[in-house]
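The following paragraphs walk through a protein model, beginning with its charged side-chain pairs and ending with the chain as a whole. Please keep the sequence and the coordinates at hand while reading.

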Amino acid sequence: MSNLTNTQSTILSRAAARPGNLALPLPDGLHGAAARTVVGKMMSRGWLEEVDANLRRGEPLWRETGDGHGTTLIVTEAGLAAIGIEPVVAGVVARARRAKVETGVTSEVPSRPKSRAGTKQAQVIALLQRQEGATIAEIAAATGWLPHTARGMISGALKKKLGLPIIAEKVEGRGMVYRIDLLSKASTV
């Protein structure tokens, strides 16, 4: 974990728990020049990023751009890593969010990933990120789980909770192979 102030830690932790990793609203009592100073330092460290606000979804505004649009603040991969969320998970969630924006998928972005370095969830994500993916038997062998637990992890924690785009395809000689596909518009598991 990085050396964070209490205010920075609060902003990052709350944002990681919000859909889309929105950093707004800021903690009570943080307004005006103090808010600009804290946010400016966090942006310079790469923990926060200013992006266009989606007013249709009611995202709070950080500042107005003058053309009828505004910006909001989101936590970056570096910001998630600063509060101890594993970089693998943070990176996958951030890439999935960018892929949804680029492909026009408008579903909500997953809320805070709850994985830490060395956990079985992190192991499964690493297996599914490989180009060759992983079968249920391979996941079960790597984690020590029963096959139904591995399937539950894929459909529940990874697909539904984290919103990762998981695809499944039949591969000759291996059976059903699962992997994370950041280019697909919808997951097919």
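A salt bridge here is a side-chain nitrogen of Lys or Arg within 4 Å of a carboxyl oxygen of Asp or Glu. The model is predicted, and side-chain atom pairs count only at pLDDT 80 or more. Under these terms the structure holds five salt bridges.

One of them joins R63 and E50, whose closest N and O atoms are 2.5 Å apart. R63 belongs to strand β2, residues 63-64, and E50 to strand β1, residues 48-52, so the salt bridge ties together parts that are 13 residues apart in sequence. What is the exposure of the two partners, given that buried means under 20% relative accessible area and exposed over 50%? R63 has a relative accessible area of 42% and is partly exposed. E50, at 26% relative accessibility, is partly exposed as well.

The next pairs share a residue. E138 forms a salt bridge with R174, at 2.7 Å from N to O. This pair links distant parts of the chain: E138 sits in helix α6 (residues 136-143), while R174 sits in the loop between β5 (166-171) and β6 (175-180), 36 residues apart. E138 also takes part in a salt bridge with R130, where the closest N and O atoms are 3.7 Å apart. That value falls inside the cut-off, since a salt bridge requires the nitrogen to be within 4 Å of the carboxyl oxygen.

Which residues make up the network of salt bridges around these pairs? R130, E132, E138 and R174 are linked in it. As for exposure, R130 has a relative accessible area of 29% and is partly exposed. E138 is partly exposed at 31% relative accessibility, and R174 is partly exposed at 31%.

The salt bridges can now be placed in the wider chain. The secondary structure of the protein consists of seven helices and six strands. Along the sequence, these elements follow the pattern α-α-β-β-β-α-α-α-β-α-α-β-β. Strands β1 and β2, which hold E50 and R63, come after the two helices that open this pattern.

How much of the protein counts as buried? Of its 189 residues, 43% do. Among contacts between residues at least 6 apart in sequence, 56% join residues at least 24 apart. The protein exposes about 10100 Å², and carbon and sulfur atoms supply 52% of that area.

Notes. Residues numbered from 1 in each chain as written. Predicted model: local features only at pLDDT ≥ 70, side-chain atom pairs only at ≥ 80, totals over all residues. Heavy atoms only, no water. Helix = DSSP H or I, 4+ residues; strand = E, 2+ residues; numbered from the N terminus. Buried < 20%, exposed > 50% of the residue type's maximum accessible area, 1.4 Å probe, protein only. Contact = heavy atoms within 4.5 Å. Areas by Shrake-Rupley, 256 points an atom, 1.4 Å probe, with all protein chains shown as cover.
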